Amino acid sequence: MKTVWSISLTEEVPQGSIAVVGLPDVGLVGPIATSHLVRQWDLRSIGYIDSPSMPPVILFHEASPLLPLRIYGGYKGNDFILVVHSDVAIPPQSIHGLAAFLTSKLLERGVRRLFLLGGIAVQDRLNIEVPRTYAASIEPEMLDYAKRMGIEPLREGFIGGVYAQILKEGYKKKLGALALLSECFLNYPDPGASASTLQALSKLIGKDVDVKQLIEQEEEIRLKLRELMKRTMETMKGAGKEYEYTIPALYV
């Protein structure tokens, strides 16, 4: 049965906007980064995305209801920034539908560039002081630009999960999309990796992002997000993440 998705926006998104997505995945790098971005740039809540296939939960913040998959927006300089943030992991059965729906809606609203913020789990993360960030894009021009800005391309290997499906949908629909993936812990919230990802985003879109607070409150954030990390690990089973530890057969 086809899953029905819906979007609700309280204001129009200007043509040529920049979209940034942060969804729960390894190290919770994406939602930690987008949560910080929303506060840092004082972006306002402008809508939500929902579907019957999403977990039946609703959040309350300062007595106000919030849907788990929300949209924030606002101007940063001359550019309108659209942030898609989720406080719950996307269930495997919802990934295809969400990726197709999200990319279609972004194209309809004339989004110019799409950035996916996330992590790539590494075994020796404890020994890495400043995580490296890799760029993976379906558009050669965006990848070339990332290289010129000093961000290494992801040269080999699989990307699994919801970002892989969004990249695939972007490829089919010719939507310029680039994933920024920082070295991170697999199953511990990793604000340090989120800081690296945001610094890479800052280079690419030319907007300052102060990550000092993320670094200073690293342990506090990690403790607060333990339960979300646990739920995300359970949800990631069957989402294609296991392929990220596999060498593509063609290149053996």
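Ala63 is exposed, its relative accessible area being 72%. The loop between strand S4 (59-61) and strand S5 (64-66) holds this residue. Ala63 is not a glycine, yet its phi is positive, at about 70°. Most residues other than glycine have a negative phi. The model examined here is a predicted one.

A positive phi also occurs at Asp42. The value there is about 55°, and Asp42 is not a glycine either. Asp42 sits in the loop between H1 and strand S3 (44-50). Its relative accessible area is 66%, so Asp42 counts as exposed, the cut-off being over 50%. Ala63 thus shares with Asp42 a loop position.

The overall fold was considered next. The protein contains eight helices and eleven strands. Its radius of gyration is 17 Å. The globule rule gives 18 Å for 252 residues, and the two values are close, so the protein is as compact as a globular protein of that length. The C-alpha trace spans about 45 × 45 × 40 Å along its principal axes. Of the 252 residues, 52% are buried. Contacts were then sorted by sequence separation. Among those with a separation of 6 or more, 79% join residues 24 or more positions apart.

The surface and the charges were also computed. The accessible surface amounts to about 12,700 Å². Carbon and sulfur atoms contribute 53% of this area. Positive side chains number 28 and negative side chains 29. The centres of the two sets are 4 Å apart.

Helix H1 (residues 29-40) includes His36. This histidine is buried, because its relative accessible area is 2% and the limit for burial is under 20%. Which residues does His36 contact, leaving aside its neighbours within four places in sequence? The partners are Leu198, Val209, Asp210, Val211, Gln213 and Leu214.

Aromatic pairing was searched across the whole structure. Three aromatic pairs were found. One of them joins Tyr75 and Phe80. A pair of aromatic rings is described by the distance of the centres and the angle of the planes. For Tyr75 and Phe80, the centres are 5.2 Å apart and the planes stand at 80°. The pair is therefore edge-to-face, a class that requires an angle over 60 degrees. Phe80 itself is buried, with a relative accessible area of 3%.

The loop between strand S6 (69-76) and strand S7 (79-86) contains Gly77. Is Gly77 buried or exposed? Its relative accessibility is 60%, and Gly77 counts as exposed. Gly77 and Lys207 are separated by 130 residues in sequence. In space, their C-alpha atoms are 8.1 Å apart.

A second glycine, Gly160, was also examined. Gly160 belongs to the loop between strand S10 (152-153) and helix H4 (162-173). Its relative accessible area is 4%, and Gly160 is buried. Along the chain, Gly160 and Met236 are 76 residues apart. Their C-alpha atoms are separated by 9.7 Å. Gly77 is exposed, whereas Gly160 is buried.

Two further residues were placed by distance. Glu108 is part of helix H2 (residues 92-108). Its relative accessible area is 53%, and Glu108 is exposed. Glu108 and Leu225 are 117 residues apart in sequence. The C-alpha to C-alpha distance between Glu108 and Leu225 is 34 Å. Arg231 lies in helix H8 (residues 226-236). With a relative accessibility of 43%, Arg231 counts as partly exposed. The sequence separation between Arg231 and Asp144 is 87 residues. In space, Arg231 and Asp144 are 36 Å apart, C-alpha to C-alpha.

Note on methods: Residues numbered from 1 in each chain as written. Heavy atoms only, no water. Helix = DSSP H or I, 4+ residues; strand = E, 2+ residues; numbered from the N terminus. Rg over C-alpha atoms; globule rule 2.2 N^0.38 Å. Buried < 20%, exposed > 50% of the residue type's maximum accessible area, 1.4 Å probe, protein only. Contact = heavy atoms within 4.5 Å. Areas by Shrake-Rupley, 256 points an atom, 1.4 Å probe, with all protein chains shown as cover. Lys, Arg positive; Asp, Glu negative; His and termini not counted. Charge placed at Lys NZ, Arg CZ, Asp CG, Glu CD. Phe/Tyr/Trp six-rings, centres within 6.5 Å; stacked < 30°, edge-to-face > 60°.
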